[in-house]
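Subject: Structure for you to look at

Hello,

Here is the structure I said I would pass on. Please open it beside this message and follow along; my notes come after it.

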Amino acid sequence: MSSNGHHSKGATEMAIRLDGVDKVFPGTERPAVSALSLEIPRGATVALIGPSGCGKTTTLRMINGLIAPTAGRIEVDGTDIATQPTVQLRRGIGYVIQEVGLFPHRTIAQNIGTVPKMLGWERDRIAERIDELVDLVGLDRDMLRRYPDELSGGQQQRVGVARALAADPPVLLMDEPFGAVDPIVRTRLQDELLELQARVGKTIVLVTHDIDEALKIADRIALLNVGGILEQYSSADELLAAPASGFVEAFVGDDRSVKRLQLKTVADLPFHQGPVLAATDGAVAARKVMQEYATDWIGVTSDDIFLGWVHADDILTDAPLASAPRAMPAAQVRRDSTLRSAMQIIMTSHTSVAVIDDGGQFGGVVTLELIRAGLEAVTD
Ligand SMILES: Nc1ncnc2c1ncn2[C@@H]1O[C@H](COP(=O)(O)OP(=O)(O)O)[C@@H](O)[C@H]1O
Ligand SMILES: [Mg+2]
């Protein structure tokens, strides 16, 4: 017997699957979405990005069953949504929009409790869940009795996220959720979303027109052109390293290598001990290492602590490296430093290398050459 009755692996790992989806609105000629196929893995954060009018909102609304596709098939959690009652579909999906859309005459608590109440939860359970959500999105509990217009834009946006998460849906759709707040609040909300996602592990589809927001938040990016034509669907790094078309290249901007430096960290570099020896080593070993790395200096460590740099001219033939004059201070980076900040540190410290500092322990060296080499590997 070869069949075990299970679905194929790929089918069950996808939270959302669009297959050849078209949308032509009545009375329009140009499709809003054209032959869109997209697979969104469970637990992934996918950014849907593209210029205004390219069909991002239409796509989200089709996933949520608010708009029916003209052609094609949409599956959520393995089920064709055309065969599913809309109410049941939406129970599994939280929806956050730019305008937030809080009910103005209901308190924050009532707003957050909307879906649980609709689902007939008991009062105590709703109250408990509201408290939990308010903590989760970083609001004060004393805001619960207030009305939406008594909150700032950023606070309202957090309430919108709490409301969308109320019934713990596996999928969260967010349509330009940070579009209406100022840049400082936007950055904070983006950071909070990343922290939240690390805790709740939802499948998130985030619509944005801001490439930097997509790069910061998403595991994968789907870039649409006008007409809802998918230009590229890939990791952020691949989008920047290998744009699939001139449109993608123009959209991501001509500083795409610099943007990649922001995505990668020192830990992503091929490990590199560098031209470094122990203070007890001597001149012969030092010359060999310098030759190997084509440098005229060498780093000296003692008990895994970095002591400083020794120049070739200062190495004494019959003495350990410990006795040669050393130059400190070494520029220092951490393993979780971005390559961009490593480069910044190297450039402003008048050296061509930085030492990886693992909490006082020597972790290797980072050179500009190594950073350049790091960009050759594309992360998917
Ligand atoms: N209800 C509608 N009726 C007719 N055309 C629409 C409707 N909704 C959206 N469109 C059109 O579909 C295209 C895609 O719109 P939309 O999905 O809102 O784009 P985006 O969110 O990417 O800015 C646009 O040309 C828009 O004018
Ligand atoms: Mg839109």
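Gly65 takes a positive phi of about 75°, just after helix H2. Please keep in mind that this is a predicted model.

**Helix H2 and the ligand**

Helix H2 covers residues 56-63 and is mostly covered, with six of its eight residues buried. Those six are Lys56, Thr58, Thr59, Leu60, Met62 and Ile63.

Which residues are around ligand 1? They are Phe25, Thr28, Ala32, Gly50, Ser52, Gly53, Cys54, Gly55, Lys56, Thr57 and Thr58. By type, this shell divides into three nonpolar residues, seven polar ones and one charged one. Lys56 and Thr58 belong to the shell, and both are also listed among the buried residues of H2.

**The nonpolar cores**

The largest nonpolar core has 69 residues, and the members that touch the most others are Ala47, Ala162, Leu173, Val205, Ile221 and Ala222. Helix H7, residues 153-165, gives the most to this core, with five residues.

Leu173 is a good place to start looking. Leaving out residues up to four places away in sequence, Leu173 touches Leu60, Ile63, Asn64, Ile93, Tyr95 and Val205. Two of these names, Leu60 and Ile63, come up again as buried residues of H2.

Apart from the largest core lies another one, of 27 residues; Val276, Leu277, Leu321 and Val353 are among them.

**A sheet of three strands**

Val353 leads on to the next part. Val353 stands opposite Thr367 in strand E16. Strand E15, residues 353-358, pairs with E16 in the antiparallel sense, over five bridges.

These two strands belong to an open sheet of three, in the order E14-E15-E16, with mixed pairing. Why is one side of E14 and of E16 left without a neighbour in the sheet? Strand E14 (332-333) and strand E16 (361-367) stand at the edges and have a single partner strand each, so one side of each has no neighbour there.

Helix H14, residues 339-348, lies across E14, E15 and E16 and runs at about 125° to E15.

If you follow the side chains in a sheet, one general point helps. In a regular strand, side chains alternate between the two faces of the sheet.

**Strands E1, E4 and E5**

Strand E1 (residues 14-23) and strand E4 (residues 71-76) run antiparallel and are joined by five bridges. Asp22 has Ala71 in E4 as its bridge partner.

E4 also pairs with strand E5 (residues 79-80), again in the antiparallel sense, over two bridges. Here Val76 stands opposite Thr79 in E5. E4 and E5 form a hairpin with two residues between them, and Asp77 in the turn has a positive phi of about 55°.

**Two more positive phi angles**

Ala294 has a positive phi of about 55° although it is not a glycine. Ala294 is found in the loop between helix H13 (283-293) and strand E12 (297-302). Is Ala294 buried or exposed? Ala294 counts as exposed because 8 other C-beta atoms lie within 10 Å, and the cut-off for exposed is 12 or fewer.

Asp303 is not a glycine either, and has a positive phi of about 50°. Asp303 lies in the loop between E12 and strand E13 (305-311). With 9 other C-beta atoms within 10 Å, Asp303 is therefore exposed.

**Two residues to compare**

Pro183 lies in helix H8, residues 183-200. Pro183 is exposed, because 8 other C-beta atoms lie within 10 Å. Its C-alpha atom and that of Glu376 are separated by 32 Å, and the two residues are 193 apart along the chain.

Arg146 lies in the loop between helix H6 (123-136) and H7. How many other C-beta atoms lie within 10 Å of Arg146? There are 15, so Arg146 is partly exposed; a residue would need 20 or more to be buried. Not counting residues up to four places away in sequence, Arg146 touches Thr107, Ile108 and Leu151. The C-alpha atoms of Arg146 and Glu122 are separated by 22 Å, with the residues 24 apart along the chain.

Regards

Definitions and conventions
Residues numbered from 1 in each chain as written. Chains lettered and ligands numbered in written order. Predicted model: local features only at pLDDT ≥ 70, side-chain atom pairs only at ≥ 80, totals over all residues. Pairing = 2+ DSSP bridges. Helix = DSSP H or I, 4+ residues; strand = E, 2+ residues; numbered from the N terminus. Contact = placed C-beta atoms within 7 Å. Axes fitted to C-alpha atoms, helices over the stretch in contact; angles between N-to-C directions. Near = placed C-beta within 6 Å. Nonpolar A, V, L, I, M, F, W, Y, C, P; charged D, E, K, R; others polar. Core = buried A, V, L, I, M, F, W, Y, C linked by C-beta atoms within 7 Å.
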